[in-house]
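Visitor: Please look closely at one part of this model for me. I would like to know how it is put together and what its side chains do there.

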Amino acid sequence: MIERIVPAGTETAEAYGDLPEATLFPEEELIVKSAVAKRRGEFTTARHCARQALTRLGAPAGAILTGERGAPQWPEGVVGSITHCDGYRAAVVARPALVTSIGIDAEPALPLPSGVLDAVALADEQVAIKELLASVPQVPWDRLLFSAKESVYKAWFPLMRRFLEFEGARLVFDPAGGTFTAHLLAGPAIAGNRTLHTFDGRWLSENGIVLTSVTVPA
Ligand SMILES: CC(C)(COP(=O)(O)OP(=O)(O)OC[C@H]1O[C@@H](n2cnc3c(N)ncnc32)[C@H](O)[C@@H]1OP(=O)(O)O)[C@@H](O)C(=O)NCCC(=O)NCCS
């Protein structure tokens, strides 16, 4: 699924559960040494996916440590993103000549628990999501909004190295086109000599999974 919402030239890998052949480097083992089995499983399989994608990109597929605020530390000359949720793990990597930053996020295609939409959505986003839920009920728009915000953050963080609150971006979905625009209300993102007031995203809801991506092209 993931390759359908990321640009050509990126490399991806995904798994619909944990893979018995997935292993960790000793340095990665240390990151999850006290973790519960579920966390170990998703971390290990997502790292395995990331190494498959790195190999396809022709990049070193070594240990991927966890850096500042949880961001994965990619090898020199690689940008990428990792996601996992119940029943799905995925990674995407790209060369900076093509992509400056990328974020991906997967969520189960289920309504958000009660109260979460109010906590993560701006007032006008809540209105838009309620309208979409009424007009296109087969898509869990509230969960999609949540996922899209996570993708915005994962693309934002490597550029800005600071947290972005949920109210820091206002998202507008194109329900037919499978795209969305994130208006960066917290201030622009700086990508090299560019000042970005918006991020462009793509989304997909299939197989019980909601998937989103945000790409900042080079
Ligand atoms: C970090 C966060 C985005 C992770 O999202 P999630 O849906 O909980 O979890 P996912 O499984 O999809 O993603 C987890 C992966 O994201 C990556 N990640 C974590 N922190 C990151 C960061 N600061 N920057 C980029 N990627 C990050 C990691 O690879 C992590 O997996 P790993 O620990 O196994 O390496 C989320 O926990 C969070 O802190 N959200 C608050 C910030 C936010 O979303 N703001 C909205 C702005 S509009």
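Guide: A residue is called buried under 20% relative accessible area, exposed over 50%, and partly exposed in between (1.4 Å probe, protein chains only). The model is predicted, so local features need pLDDT of at least 70 and side-chain atom pairs count only at pLDDT 80 or more, while totals for chains, interfaces and linings use all residues. Residues are numbered from 1 along each chain as its sequence is written, and side-chain values use heavy atoms, without hydrogens and water.

The part chosen is the sheet and the helices beside it. Helices (H or I, at least four residues) and strands (E, at least two) are DSSP runs, numbered from the N terminus. Five strands make up an open sheet, ordered β4-β10-β9-β6-β5, with antiparallel pairing; two strands pair if DSSP finds at least two bridges between them. At the edges are β4 (99-108) and β5 (169-174), each of which pairs on one side only. The average turn between neighbouring strands of this sheet is 20°, direction ignored; angles run from 0 to 180 degrees between N-to-C directions, and axes are lines fitted to C-alpha atoms, for helices over the stretch in contact. Inside the sheet, β6 (residues 179-184) and β9 (residues 198-206) run antiparallel and are joined by five bridges. One residue to locate here is Phe180, whose bridge partner in β9 is Gly201.

Helix α5 (residues 141-160) packs on this sheet and touches β4, β5, β6, β9 and β10 (209-217), contact meaning heavy atoms within 4.5 Å. The direction of α5 makes about 150° with that of β4.

Helix α4 (residues 123-135) packs against α5 in turn, at an angle of about 135° and with the axes 9 Å apart. The two helices are therefore oblique to each other, the word for what remains once angles under 35 degrees are called roughly parallel, over 145 roughly antiparallel and 65 to 115 roughly perpendicular. From α4, the residues Glu125, Ile129, Leu132 and Leu133 meet Trp141, Asp142, Leu145 and Lys149 of α5. The residues of this contact comprise five nonpolar, no polar and three charged. In that count, Ala, Val, Leu, Ile, Met, Phe, Trp, Tyr, Cys and Pro are nonpolar, Asp, Glu, Lys and Arg charged, and the others, Gly among them, polar.

Glu125 and Lys149 also meet through their side chains in a salt bridge, at 2.8 Å from N to O; the term requires a side-chain nitrogen of Lys or Arg within 4 Å of a carboxyl oxygen of Asp or Glu. Because Glu125 belongs to α4 and Lys149 to α5, this pair ties together parts that are 24 residues apart in sequence. Glu125 is buried at 2% relative accessibility, and Lys149 is buried at 6%.

Helix α4 is linked to the sheet edge as well. Asp124 forms a salt bridge with Arg170, with 3.8 Å between the closest N and O atoms. Arg170 lies in β5 and Asp124 in α4, so parts 46 residues apart in sequence are tied together. Arg170 is partly exposed at 28%, as is Asp124 at 41%.

The structure holds twelve salt bridges. Another of them, outside this part, joins Glu42 and Arg39 at 3.4 Å, N to O. These two are three residues apart in helix α2 (residues 37-57), which means about one helical turn between them. Glu42 is buried, at 11% relative accessible area, whereas Arg39 is partly exposed at 30%.
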